[in-house]
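Please read the points below alongside the sequence and the coordinates. They are arranged by topic.

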Amino acid sequence: MISEIMTAVEKGKIKEIEELVKKALAEGESPDGILSSMIETMGIVGDKFQRNEVFIPEMMVAAMAMKKGVAVLRPLLMSGSIGAKGKLIIGTVRGDHHDIGKNLVALMTESAGFEVIDLGVDVSPEQYVDSIRANPDCKLVGLSALLTTTMEAMEATVKAITEAGFRQQVKIMVGGAPITPEFAEKIGADAYAADAGSAARKASELVSAA
Ligand code: B1M
């Protein structure tokens, strides 16, 4: 069943994915296991894109299928009391439209007890600053970037938050495929997380240390 799910994501079988995920759950597959297989598949799609074996439309339908699959898993991945740990403002930085990873980080942090304010994709530094201003009780901001070309927008966002005088109020967590702990440190972020699970753990650590 897992291999059928992986094929359905890879081929962008949007109509079939929901049923396949439900079937896998009914057969006893764990939500985490199903999610990992879908994440792995997106990596395979990305590698094929790099080798010119698939193109943008294939990447798009794979992403749509993955989102539909995650929607089935969402209630099963949720736990904890939403908002108990405070607010997280999250978004994918300016110029970047990738949102699957950011959405997973949002889902897992929500599940860990945060109220998530999701600004979406292509979020400018000014939008982050405006959102922090509108949420004076928010102590955590998350920035996601998937493109090497949008890493500079991450740096610009940290700078804008600092220049707006909010650096004492919020901790900043960054992540995304091209991001490294060294880059996070270089741009002045407080934390880097490699995946959604560790992002949720890091988020909790950051607010309890604040
Ligand atoms: Co794009 N794309 N894409 N793409 N795409 C990549 C990223 C790429 C690596 C593919 C490749 O060449 N192998 C490549 C980037 C190369 C680079 O910069 N070095 C690339 C490119 C080039 C592009 C375009 C420029 C292509 C073009 O137009 N010529 C274009 C850019 C558009 C734009 O953003 N301006 C583009 C477009 C697209 C689609 C729209 C077609 C689609 C996105 C759909 C969507 O997101 N709604 C797409 C997709 C699907 C991908 C791949 C195949 C899959 C991304 C994904 O969803 N992965 C990707 C290849 C790859 O990643 N191997 C690729 C699954 C997801 C769960 O993982 O996002 O890494 P990820 O998130 C993880 C961690 O990174 C981490 O946790 C997540 C969950 O575990 N994480 C955080 C993420 N954010 C975090 C934040 C945190 C903490 C952890 O704290 C706040």
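The notes that follow take the ligand and its surroundings, then a handful of individual residues.

1. Status of the model. The structure is a predicted model. The distances and accessibilities quoted here should be read as computed from that prediction.

2. The ligand site. The ligand occupies the space of the largest pocket. Its shell is made up of 36 residues, and Gly46, His97, His98, Asp99 and Ser144 are the closest of them. By residue class, the shell divides into 20 nonpolar, 12 polar and 4 charged residues.

3. Elements that build the shell. Several helices and strands each give at least two residues to the surroundings of the ligand: the helices are α3 (31–50), α4 (56–77), α5 (100–111) and α9 (196–209), and the strands are β3 (140–144) and β4 (171–175). Helix α3 provides the largest share, with 6 residues.

4. Polar contacts to ligand nitrogen. Aspartate 99 places a polar side-chain atom 2.8 Å from a nitrogen atom of the ligand. Aspartate 99 is also listed among the closest residues of the shell. At glycine 95 the partner is a polar backbone atom, 2.9 Å from a nitrogen atom of the ligand.

5. Alanine 177. Which atom of the ligand pairs with the backbone of alanine 177? An oxygen atom of the ligand does, at 3.4 Å from a polar backbone atom of this residue. Alanine 177 sits in the loop between β4 and α8 (181–187). Its relative accessibility is 66%, and it therefore counts as exposed, the cut-off being over 50%. That percentage takes in protein chains only, so the ligand does not enter into it.

6. Surroundings of alanine 177. Leaving aside residues up to four places away in sequence, alanine 177 touches Ala145 and Leu146. Its C-alpha atom is 9.0 Å from that of glycine 101, although the two residues are 76 residues apart along the chain.

7. Positive phi angles. Two residues that are not glycine deserve a check of their backbone. Asparagine 52 has a positive phi of about 60°, and aspartate 122 has a positive phi of about 55°. Asparagine 52 belongs to the loop between α3 and α4, while aspartate 122 belongs to the loop between β2 (115–118) and α6.

8. Accessibility of these two loop residues. Asparagine 52 counts as exposed because its relative accessibility is 56%. Aspartate 122 has a relative accessible area of 32%, so it is classed as partly exposed.

9. Serine 131. Is serine 131 buried or exposed? Its relative accessible area is 9%, which is under the 20% limit, so it is buried. Serine 131 is part of helix α6 (residues 125–134). Its contacts, not counting residues up to four places away in sequence, are with Ile89, Ile117 and Leu119.

10. Serine 204. This serine lies in helix α9, one of the elements that supply at least two residues of the shell around the ligand. Serine 204 has a relative accessible area of 18% and is therefore buried. Not counting residues up to four places away in sequence, serine 204 touches Lys85, Ala112 and Phe114.

Note on methods
Residues are numbered from 1 along each chain as its sequence is written. This is a predicted model: local features need pLDDT of at least 70, side-chain atom pairs count only at pLDDT 80 or more; totals for chains, interfaces and linings use all residues. Side-chain values use heavy atoms; hydrogens and water are left out. A residue is near a molecule or strand if one of its heavy atoms lies within 4 Å of it. A polar contact is a pair of N or O atoms within 3.5 Å; within protein, one must be able to donate a hydrogen and the other to accept it, and residues adjacent in sequence count only if both atoms are side-chain atoms. On a 1 Å grid over the protein atoms alone, a cavity is a set of points where a 1.4 Å probe fits but cannot get out, and a pocket is an open set with protein on both sides within 12 Å along at least five of seven lines; lining residues have an atom within 4 Å of a point. A molecule sits in a cavity or pocket if more than half of its atoms lie within 2 Å of its grid points. Helices (H or I, at least four residues) and strands (E, at least two) are DSSP runs, numbered from the N terminus. Ala, Val, Leu, Ile, Met, Phe, Trp, Tyr, Cys and Pro count as nonpolar, Asp, Glu, Lys and Arg as charged, and the others, Gly among them, as polar. Buried means under 20% relative accessible area, exposed over 50%, partly exposed in between (1.4 Å probe, protein chains only). Contact means heavy atoms within 4.5 Å.
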